[in-house]
Amino acid sequence: MSVLLLARPRDGLDCRMPLHLLKLCVGAESIADLEHWIAQRMAIQRKRGETPEHVHTTRMTPKRRDELLDGGSLYWVIKGQVAARERLLDLRPVVGADGIGRTDLVLSGEVVPVMPRPCRPFQGWRYLSDKDAPGDLGRAAGQVAEMPEEMRRELRDLGLL
């Protein structure tokens, strides 16, 4: 006799996984550079009396909006490695001064370091599935999270991390 067991969400929760975006952080040398740039932009917005928010504008509009906004993040590639992420809060269509349509990626402004992973250069952004996304560098990462970013990068380059 064979029995078929069907997987069901625990506690009535939906088992969908979020979808993420992967994007180069052009010009940044480190996570600290990215954090400094975000803080500067938000300080300027506060000074103008605006509600501070971190927005990154991209030319192409992601078609999988609902999946991205269901817990997705923008993973930043810094100096050839996936290094950090920010939570995606919204995708807003905008038209630039040149009349070309673009999309504002509205981000949390909270930069979360992740386990470094090499990544080749590319243009624009790429989708990143949740199963392929690197884990956060937090308590679970132990001493790796406490290492300076440059040391993590070097160890990753040597294949030791």
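Trainee: Is R92 buried, partly exposed or exposed?

Mentor: Good place to start, and keep in mind that this is a predicted model. Buried means under 20% relative accessible area and exposed means over 50%. R92 has a relative accessible area of 31%, so between those cut-offs R92 is partly exposed.

Trainee: Which residue forms a salt bridge with R92, the closest N and O atoms being 2.8 Å apart?

Mentor: Side chains of opposite charge can pair when their charged atoms come close. Here the cut-off is 4 Å between nitrogen and carboxyl oxygen, and the 2.8 Å in this pair is within it. The partner of R92 is E53.

Trainee: How many residues apart in sequence are E53 and R92?

Mentor: E53 lies in the loop between α1 and β2 (54-58), while R92 lies in strand β4. The pair therefore ties together two parts of the chain, and their separation in sequence is 39 residues.

Trainee: Which residues are linked with E53 and R92 in a network of salt bridges?

Mentor: The network has four members, and you have already met E53 and R92. The other members are R65 and D90.

Trainee: Where in the chain is the salt-bridge partner of R85?

Mentor: R85 forms a salt bridge with D136, with the closest N and O atoms 2.7 Å apart. R85 is in strand β4, and the two residues are 51 residues apart. D136 sits in the loop between β7 (125-129) and α3 (143-146).

Trainee: Is R85 buried or exposed?

Mentor: Look at the relative accessibility of R85, which is 16%. The cut-off for buried is under 20%, so R85 counts as buried.

Trainee: What is the N to O distance in the salt bridge of E29 and K79?

Mentor: This pair links distant parts of the chain, 50 residues apart. E29 is in the loop between β1 (19-24) and α1 (31-47), and K79 is in the loop between β3 (73-78) and β4 (81-95). Their side chains meet with an N to O distance of 3.6 Å.

Trainee: Is the aromatic pair of W125 and Y127 stacked or edge-to-face?

Mentor: The ring centres are 5.0 Å apart and the planes stand at 70°. Planes over 60 degrees apart count as edge-to-face, so the pair of W125 and Y127 is edge-to-face.

Trainee: Which residue lies over the face of Y127?

Mentor: Y127 counts as partly exposed, at 30% relative accessibility. At 5.1 Å from its ring centre, the residue over the face of Y127 is R64.

Definitions and conventions
Residues numbered from 1 in each chain as written. Predicted model: local features only at pLDDT ≥ 70, side-chain atom pairs only at ≥ 80, totals over all residues. Heavy atoms only, no water. Helix = DSSP H or I, 4+ residues; strand = E, 2+ residues; numbered from the N terminus. Buried < 20%, exposed > 50% of the residue type's maximum accessible area, 1.4 Å probe, protein only. Phe/Tyr/Trp six-rings, centres within 6.5 Å; stacked < 30°, edge-to-face > 60°. Lys NZ or Arg CZ within 6 Å of the ring centre and 35° of its normal.
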